[in-house]
Amino acid sequence: MDRPYDILLADNHAGFRREVRKILEEIPGVKVTGEAGNRRELFELLRELPPNLVILDISLPDLRAREGTRLIKLHYPDTKVLLMALDQASEYLVHGLAAGAVGVLPKQYVGGQIAPAITAVRQGKIYMPPSVPAKNAPRIKAPMATMLGRFFSL
């Protein structure tokens, strides 16, 4: 684990990506190589420089978890996919894991779980979050899963 571990973020909320990027940049050995807000941007960045890991929102407006994971694994077999979700019981999440994703990262607890998730993935493990986060687990703002699409603190 001495070489830089390249990560590409894919989420349609720029503010959320910015917050996740700040957290990732504090993890030793991790390098964010790009950010994508939609399918086109994601695959353009993948073509330029395939990362070790794509952290993929399960519901980009034009790319769902199963299809995204399947396409990434098909065209970039060495790139792993870690799914981010607000709803850990989502059917998209189940399909994404079935398509080959290496884990699930709850958006509302990304601040406290992203480092252990990346460590697990780098060790070849599947990352599943604790069923009940610690009482004081850090939270960051995550997009609300409603038609409003506003940001709020969970």
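Where is L49 found? L49 sits in the loop between α2 and β3 (53–57). I will come back to that loop. Please keep in mind that what you have in front of you is a predicted model.

Let me begin with the overall layout. The protein has 5 helices and 9 strands. In sequence order, the pattern runs β-α-β-α-β-β-β-α-β-α-β-α-β-β. There are 154 residues in the protein, and 44% of them count as buried. The accessible surface is about 8,100 Å², and carbon and sulfur atoms account for 52% of that. On contacts: taking those between residues at least 6 apart in sequence, 63% join residues at least 24 apart.

Now the helices, starting with α1. Helix α1 covers residues 14–25, which is 12 residues. At 1.5 Å a residue it should span 16 Å, and its end C-alpha atoms are 16 Å apart, so the two values agree.

Which residues of α1 are buried? They are F16, R17, V20, I23 and L24. These residues cover an arc of only 120° around the axis, so they lie on the same side of α1. Note that an arginine, R17, is on that buried list. R17 will appear again under salt bridges.

Helix α3, residues 65–75, can be read in a similar way. Its buried residues are A65, G68, T69, L71 and I72. Their arc around the axis is only 165°, which puts them on the same side of α3.

One of those, I72, brings us to helix α2. L46 is in α2, residues 39–48. Is L46 buried or exposed? L46 has a relative accessible area of 0%, so it is buried. Leaving aside residues up to four places away in sequence, L46 touches L8, P51, V54, I72 and Y76. Take I72 from that list: L46 and I72 are 26 residues apart in sequence, while their C-alpha atoms are 8.4 Å apart in space.

Back to L49, in the loop that follows α2 and leads to β3. L49 has a relative accessible area of 49%, and it is partly exposed because the cut-off for exposed is over 50%. L49 and G34 are 15 residues apart in sequence and 9.3 Å apart in space, C-alpha to C-alpha.

A second loop residue is K107. K107 lies between β7 (104–106) and α5 (110–122). With 4% relative accessibility, this lysine counts as buried. What joins the side chains of K107 and D11? It is a polar contact of 2.6 Å.

That leaves the charged pairs. In general, side chains of opposite charge can pair when their charged atoms come close. How many salt bridges does a search of the whole structure find? The search finds 8. I will go through three.

In α1, the side chains of E19 and K22 meet in a salt bridge of 3.3 Å, N to O. E19 and K22 are 3 residues apart in the helix, so about one helical turn separates them. E19 is partly exposed at 31% relative accessibility, and K22 is partly exposed at 45%.

Also in α1, E25 forms a salt bridge with R21, with the closest N and O atoms 3.0 Å apart. E25 and R21 are 4 residues apart in the helix, about one turn. R21 has 24% relative accessibility, so it counts as partly exposed. This pair is part of a network: R17, R21, E25 and E35 are linked by salt bridges. So that is where R17, from the buried list of α1, comes in again.

The third pair is R39 and E67, whose side chains meet in a salt bridge of 2.9 Å, N to O. This one links distant parts of the chain, with R39 in helix α2 and E67 in helix α3, 28 residues apart. R39 counts as partly exposed at 28%, and E67 is partly exposed as well, with a relative accessible area of 31%.

To recap the link between α2 and α3: L46 touches I72, and R39 forms a salt bridge with E67. That is what I have for today.

Note on methods: Residues are numbered from 1 along each chain as its sequence is written. This is a predicted model: local features need pLDDT of at least 70, side-chain atom pairs count only at pLDDT 80 or more; totals for chains, interfaces and linings use all residues. Side-chain values use heavy atoms; hydrogens and water are left out. Helices (H or I, at least four residues) and strands (E, at least two) are DSSP runs, numbered from the N terminus. The expected span of a helix is 1.5 Å times one less than its number of residues. Buried means under 20% relative accessible area, exposed over 50%, partly exposed in between (1.4 Å probe, protein chains only). The arc is that of the directions from the helix axis to the C-beta atoms. Contact means heavy atoms within 4.5 Å. Accessible areas come from the Shrake-Rupley method with a 1.4 Å probe; for residues, only the protein chains shown count as cover. A polar contact is a pair of N or O atoms within 3.5 Å; within protein, one must be able to donate a hydrogen and the other to accept it, and residues adjacent in sequence count only if both atoms are side-chain atoms. A salt bridge is a side-chain nitrogen of Lys or Arg within 4 Å of a carboxyl oxygen of Asp or Glu.
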